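Welcome! Take a look at the structure below, then work through the exercises at your own pace.

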Amino acid sequence: MASYGFLFLFIATSIILFSELESVSIKNVEINTGIYVWRSLFLLITSIGLIIVAGNRYWTGSDFYTYALAYKKNSPYSFESGYVWLQNQVYSNGNDFHTMLLVMSILTIGLFSIALLYSGIPPYLPVFLYVALYTYFYGFNIMRQTLSMSIFLLGFVIMCNIKRFGFSKIVCATLTLYLSSLFHQSSLLLVPVVIYILISQELIKSKLKIMILCGSILSVFFPPINIDFIFKMPFLSYLVGDYSNYLTGSALENRGGLLRVGFMYIKLSVYILFLWSAYRNFDVYSSVQKRVSLFATVGFIIMSFKFNAALVTRTLQYFDIVGIIFFTIVIMNERNRNWKMFLFLFLIAFSIVTLSMSLNSNIGQVLPYVVFER
């Protein structure tokens, strides 16, 4: 726990220092060379800290034993081909499992940082959210999927920056889904969403309003429904595997529990606030920011159904990592200073509550943290 506390303090101090040096931490400004250098330096320093903690853990994470045993025996188990290939490359050079953890951490956190840099948004708040919203800690457990999520995020940001619909955009979307699926096949469930983003060239304000209203109504009136049985059907079971018993541990992990459902309602309220801010300030959004907002809105609607299925939870984590960028975009573009500060403080409070509840429930068994010793 002390290691996590130090990491959190390190991230918070870095954010304060670098945002003060740049003085544009939550503003929408044109990027010059000086700003780009500060952001790159910040991401480099914080990435190294995150990699050290994630890559030097020992028996930390509920899947640690599975991955360690597979590596020791150089066995593919039921892992995707991308992970198996990477494991074989590390193993063939005579490295131990510690090296494999470091490689996975470098790839996962490195690609996430590159995506932030390429997105053009200030990285200070997103790095904080990456840790505080628990996405970083999921990498201690479901490390194949968190790498898949980082690959998807980078590919999605690149795809959004391609202005015109054409061959290059289709290739980018295809490669994004293919490469991310090499490490976790759950990304293939995003195919319909990515196709929808591709054919929806420009999100119009009236369309956004209708989607927000529909999602808000569903959030309030639609009850949680268990749909795990759907993912036991032959095709879906083959595609993504069986996750029906994956999250059944603590009160927060129990998807049918009162605490979990209550937390989902709080999360939905956060999305409603931020989406309405996006709607009010829609005219100042760039085309890239509108595409990110559209993806976040689709995720919000899926979330509003409150489907009780482990695989839905896994799928929504891809929306969560894109949501880190979306939240920052909304705060950047909010023109009302008081509302901007409210959204910022509300998001920080929600993040800290999320981190506290998750660590208290020990989701993914990230506690106790043990340092790897040779």
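A helix here is a DSSP run of type H or I with at least four residues, and helices are numbered from the N terminus. With that in hand, serine 216 can be placed in helix α11, which covers residues 205–221. Please keep in mind that this is a predicted model.

**Exercise 1. Get an overview of the protein chain.**

Task: Find how many helices and strands the protein chain has, and what share of its residues is buried.

Solution:
- Step 1. The protein chain contains 16 helices and two strands.
- Step 2. Of its 374 residues, 55% are buried.
- Step 3. The accessible surface of the protein chain is about 16400 Å², with 68% of that belonging to carbon and sulfur atoms.
- Step 4. Now look at contacts between residues at least 6 apart in sequence: 81% of them join residues at least 24 apart.

**Exercise 2. Describe the surroundings of two residues in helices.**

Task: Decide whether serine 216 is buried or exposed, and find which residues valine 330 contacts beyond its neighbours within four places in sequence.

Solution:
- Step 1. The cut-off for buried is under 20% relative accessible area. Serine 216 has 14%, so serine 216 is buried.
- Step 2. Leaving out residues up to four places away in sequence, serine 216 touches Ile272, Trp276 and Phe300.
- Step 3. Valine 330 belongs to helix α15. Its relative accessible area is 0%, so valine 330 is buried too.
- Step 4. Apart from neighbours within four places in sequence, valine 330 is in contact with Phe274, Ser277, Ala278, Tyr285 and Leu343.
- Step 5. Take Phe274 from that list: the C-alpha atoms of valine 330 and phenylalanine 274 are separated by 6.5 Å, although the two residues are 56 apart along the chain.

**Exercise 3. Contrast a covered helix with a surface patch.**

Task: Find how many residues of helix α6 are buried, and which residues form a nonpolar patch on the surface.

Solution:
- Step 1. Helix α6 spans residues 124–132, and nine of its nine residues are buried.
- Step 2. Among those buried residues are Tyr124, Pro126, Phe128 and Tyr130.
- Step 3. Turn to the surface, where Trp38, Leu41, Leu44, Ile45, Ile48 and Ile52 form a nonpolar patch. Together they have about 500 Å² of accessible area.
- Step 4. One member of the patch, leucine 44, sits in helix α2 (residues 33–55).

**Exercise 4. Look for disulfides.**

Task: Find how many disulfides the whole structure has, and explain why cysteine 160 is not bonded to cysteine 172.

Solution:
- Step 1. A disulfide is a covalent bond between the sulfur atoms of two cysteines.
- Step 2. The search across the whole structure finds zero disulfides.
- Step 3. For cysteine 160, the closest cysteine sulfur is that of cysteine 172, at 8.8 Å, so the two are too far apart for a bond.
- Step 4. Compare burial: cysteine 160 is buried, with a relative accessible area of 1%, while cysteine 214 is partly exposed at 40%.

**Exercise 5. Sort out the aromatic rings.**

Task: Count the aromatic pairs, then work out why the pair of phenylalanine 295 and phenylalanine 319 is called stacked.

Solution:
- Step 1. Rings of Phe, Tyr and Trp pair if their centres lie within 6.5 Å. The count comes to 33 aromatic pairs.
- Step 2. In phenylalanine 295 and phenylalanine 319, the ring centres are 4.5 Å apart and the planes are at 25°, so this pair is stacked.
- Step 3. The pair links distant parts of the chain, 24 residues apart: phenylalanine 295 lies in helix α14 (residues 287–304) and phenylalanine 319 in helix α15 (residues 310–333).
- Step 4. Both phenylalanine 295 and phenylalanine 319 are buried.
- Step 5. Elsewhere, ring pairs join Tyr58, Trp59, Phe64, Tyr65, Tyr71, Tyr91 and Phe97 into a cluster.

**Exercise 6. Spot the unusual backbone angles.**

Task: Find where tryptophan 59 lies, and which residues a cis peptide bond joins.

Solution:
- Step 1. Most residues other than glycine have a negative phi, and most peptide bonds are trans.
- Step 2. Tryptophan 59 has a positive phi of about 55° and lies in the loop between α2 and α3 (64–72). At 44% relative accessibility, tryptophan 59 is partly exposed.
- Step 3. Tyrosine 134, just after α6, also takes a positive phi, of about 80°.
- Step 4. In the segment after α16, glutamine 365 has a positive phi near 55°.
- Step 5. The cis peptide bond joins leucine 367 and proline 368, with omega about 0°. Proline 368 is placed in the segment after α16 (337–361).

Methods. Residues are numbered from 1 along each chain as its sequence is written. This is a predicted model: local features need pLDDT of at least 70, side-chain atom pairs count only at pLDDT 80 or more; totals for chains, interfaces and linings use all residues. Side-chain values use heavy atoms; hydrogens and water are left out. Patches are made of residues with over 30% relative accessible area and no salt bridge: like charges are joined within 9 Å, nonpolar side chains (Val, Leu, Ile, Met, Phe, Trp, Tyr) within 5 Å. Accessible areas come from the Shrake-Rupley method with a 1.4 Å probe; for residues, only the protein chains shown count as cover. A salt bridge is a side-chain nitrogen of Lys or Arg within 4 Å of a carboxyl oxygen of Asp or Glu. Buried means under 20% relative accessible area, exposed over 50%, partly exposed in between (1.4 Å probe, protein chains only). Contact means heavy atoms within 4.5 Å. A disulfide is a pair of cysteine sulfur atoms within 2.5 Å. Rings of Phe, Tyr and Trp (its six-membered ring) pair if their centres lie within 6.5 Å; planes under 30 degrees apart count as stacked, over 60 as edge-to-face and the rest as tilted.
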